[in-house]
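Here are some exercises to work through with a viewer open. Try each task before you read its solution.

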Amino acid sequence: MPEGDTLYRTAATLQRWIGGREVTEATTAVPGLPVDRIVGQRVQSAEAWGKHLLLRFRSGQVLHTHLRMSGSWHVYSHGDRWRRPSGQARLVLVCGDRVAVCFNAPVVELLAAHAEDVHPALARLGPDVLAEELDLDEVRRRARARSPELAVGELVLDQRVVAGIGNIWRSEALFLEGCHPRTPQGALSNGELDGLVRTARRLMRASAGIDAGGAGDRPAPRWVYRRTGRPCRRCGTPIQSALQGEQARRVYWCPTCQPAPEARG
């Protein structure tokens, strides 16, 4: 599933290409999606909120897409050949000589103004990890409302606690903070919890290019992600991995650099 840094880059691209432009034509393969309501409207902004993408129109309406594992947005000049088959297009927005195409997104919906405040998914999202000002107090409050026995590897993937962190950056941040993914969140001090979120934020902001003028850094070698059985870049111990949580997402760690919770005492 695309993580918050990928969605940030997607939103930035849409903002550059169609931000401020009028929608001159819209077609959809989503049953019941009232695209006629946005024809003639101007795109006010494209924003990422965690793993969700919001296109806001001057009318106040919001086009909400959630890409999950399969979806993506592409932008083209009018007449360019698409890089995916047209049969995969869920939504096409034409803005004069610019075309934005949403492929394969499971969630594509048009919300009324302010409807995100009561939306079953959006209203529950925690602070965006990539927000200009991250509210760590609110992240901590939401985290501490969960069971103290909840493994920290599961906690940081909970979008209701902090939105945007996915499997790559939870594994990398846990490594850099020396925290085993099975560690109960109640065993972490507030400073340790804050440090973990800050590290994930720093890595993701670098990946998204937020702190590099929008260009994005060259991808750094991963410390642990998808390196099962290979030597730790820091100590040489073979990297381990396991499925974790209800969603059975694979998490990666170094057993030496990230001692198991029982070893922490």
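The exercises below go from sheet and hairpin to helix, cores and single side chains.

This is a predicted model, in which local features need pLDDT of at least 70, side-chain atom pairs count only at pLDDT 80 or more, and totals for chains, interfaces and linings use all residues. Residues are numbered from 1 along each chain as its sequence is written, and side-chain values use heavy atoms, with hydrogens and water left out.

**Exercise 1. Find the order of the strands in the four-stranded open sheet, and its edges.**

Step 1: Pick out the elements, which are DSSP runs numbered from the N terminus (helices: H or I, at least four residues; strands: E, at least two). Two strands pair if DSSP finds at least two bridges between them.

Step 2: Following the pairs gives the order β1-β6-β7-β5, with antiparallel pairing. The edge strands are β1 (25-28) and β5 (72-77), each pairing on one side only.

Step 3: Neighbouring strands in this sheet are turned by 15° against each other on average, direction ignored. Axes here are lines fitted to C-alpha atoms, for helices over the stretch in contact, and angles run from 0 to 180 degrees between N-to-C directions.

Step 4: Look at β6 (residues 89-95) and β7 (residues 98-103), which are joined by six bridges. Cys 95 has Arg 98 of β7 as its bridge partner.

Step 5: Add helix α1 (residues 4-18), which lies across β5, β6 and β7 and runs at about 25° to β5.

**Exercise 2. Describe the hairpin of β9 and β10.**

Step 1: Strands β9 (residues 240-244) and β10 (residues 249-253) are antiparallel, with five bridges. Leu 243 stands opposite Arg 250 in β10.

Step 2: Four residues lie between the strands, and Gly 245 takes a positive phi near 85°.

**Exercise 3. Which residues of helix α2 are buried, and what covers them?**

Step 1: Apply the cut-offs: buried is under 20% relative accessible area, exposed over 50%, and partly exposed in between (1.4 Å probe, protein chains only).

Step 2: In α2 (residues 136-144), the buried residues include Leu 136, Val 139 and Ala 143, and also the charged-type names Glu 138, Arg 140 and Arg 142. Their cover includes α3 (152-155) and α5 (190-208).

Step 3: At the start of α2, a side-chain oxygen of Asp 135 comes to within 3.3 Å of the backbone nitrogen of Asp 137.

**Exercise 4. How many residues has the largest nonpolar core, and which element gives the largest share?**

Step 1: A nonpolar core is a set of buried Ala, Val, Leu, Ile, Met, Phe, Trp, Tyr and Cys residues joined through side-chain atoms within 4.5 Å.

Step 2: The largest has 34 residues, and Val 129 and Val 197 are among those with the most contacts inside it. The largest share, six residues, comes from α5.

Step 3: Apart from it lies another core, of 28 residues, including Ala 11 and Phe 57.

**Exercise 5. Is His 52 buried or exposed, and which side chain makes a polar contact with it?**

Step 1: His 52, in strand β3 (residues 52-57), is buried, with a relative accessible area of 7%.

Step 2: A polar contact is a pair of N or O atoms within 3.5 Å; within protein, one must be able to donate a hydrogen and the other to accept it, and residues adjacent in sequence count only if both atoms are side-chain atoms. The partner is the side chain of His 64, at 2.8 Å.

Definitions and conventions. Contact = heavy atoms within 4.5 Å.
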